[in-house]
Amino acid sequence: MTSAAPGRGKQAVRNNVAILAAAREVFLADQRAPISAVAERAGVGISALYRRYAGKEDLLRTLCHDGLRTFIGEAERAGAESDGWTALERFLTGVVEADVHSLTVHLAGTFTPTAEMRADAARANALAGALFERARPHMRQGVALDDIAMLLEMCAAVRVADPGRTTALRRRYLSVLLDGLRAGGSLPGPPPTRSEVNGRWRQPS
């Protein structure tokens, strides 16, 4: 009896890792895919999935929250850099390479955020804002924090069949975007508004 419990626990952990990896692949390809497609991709029974997640919305929420936590971790690590521009560059590179925005913005509006997620989102915004302010002296006039959110979305939109090439191309275009932030002169037009950035989080009625 006692020797079987650790084995079951390890299997549950393996199943959860497989489920989350499969859910990421399935829902990034098609948000409307049924939860049964996740179980099939993960190679687990639907009952094993439902033992861990109450339903599709719960699974989507977990994926997005994982991405939010990764964002926070990258911001905290970058904050240790002494130079403001280096800190921002390290942060943006980490977020792009972790494909955070595929898990956050791409899944926005598909679930109801929890209070914990809202608190983490506020912390993420505060950390990103602090990094932005430290780097501001190195930027061209008119750049706003919400511009950074849009630039990260642009990088996340780059996706080809080969994951390695996807990463390489994202690095390439992030370099172009970073150079654009540092260039002289001012940006045309106003930055995105807060409602434009956050509007996608509202679930359709």
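Guide: Let's start with a definition: a residue is buried under 20% relative accessible area, exposed over 50%, and partly exposed in between. Keep in mind that this is a predicted model.

Visitor: Okay, let's try that out. Is Arg-123 buried, exposed or partly exposed?

Guide: With a relative accessible area of 41%, Arg-123 is partly exposed, because the value falls between the 20% and 50% cut-offs.

Visitor: And how do I read a salt bridge?

Guide: The general idea is that side chains of opposite charge can pair when their charged atoms come close. Here, a search of the whole structure turns up 15 salt bridges. In one of them, the side chains of Glu-76 and Arg-123 meet, at 2.5 Å from N to O.

Visitor: Which helices does that pair link?

Guide: Glu-76 sits in helix 4 (residues 56-78) and Arg-123 in helix 7 (residues 115-135), so the pair links distant parts of the chain, 47 residues apart. Glu-76 is partly exposed too, at 40%.

Visitor: What does Arg-171 pair with?

Guide: Arg-171 forms a salt bridge with Glu-97, and the closest N and O atoms are 2.5 Å apart. Arg-171 belongs to helix 9 (residues 163-182) and Glu-97 to helix 5 (residues 84-97), so this bridge ties together parts that are 74 residues apart in sequence. Arg-171 has a relative accessible area of 46% and counts as partly exposed; Glu-97, at 39%, is also partly exposed.

Visitor: What about Asp-30: which residue is its partner?

Guide: That would be Arg-32, with the closest N and O atoms 3.4 Å apart. Asp-30 is partly exposed at 30%, while Arg-32 is exposed at 73%. There's also a network of salt bridges that links Arg-24, Asp-99, Arg-159 and Arg-170.

Visitor: Back to helix 9, then. Which of its residues are buried?

Guide: First the general idea: an α-helix has 3.6 residues a turn, so residues three or four places apart point the same way. In helix 9, the buried residues are Thr-166, Leu-169, Arg-170, Leu-174, Leu-178 and Leu-181. Those residues pack against helix 5, helix 6 (100-103) and helix 8 (145-157).

Visitor: How many residues does helix 9 have, and what span does it reach?

Guide: Helix 9 has 20 residues and reaches 29 Å from first C-alpha to last, close to the expected 28 Å.

Visitor: Which residue caps the N-terminal end of helix 9?

Guide: Asp-162 does the capping, with a side-chain oxygen 2.9 Å from the backbone nitrogen of Gly-164.

Note on methods: Residues numbered from 1 in each chain as written. Predicted model: local features only at pLDDT ≥ 70, side-chain atom pairs only at ≥ 80, totals over all residues. Heavy atoms only, no water. Salt bridge = Lys/Arg side-chain N within 4 Å of Asp/Glu carboxyl O. Buried < 20%, exposed > 50% of the residue type's maximum accessible area, 1.4 Å probe, protein only. Helix = DSSP H or I, 4+ residues; strand = E, 2+ residues; numbered from the N terminus. Expected span 1.5 Å × (residues − 1). Contact = heavy atoms within 4.5 Å. Polar contact = N/O pair within 3.5 Å; in protein donor to acceptor, adjacent residues only side chain to side chain.
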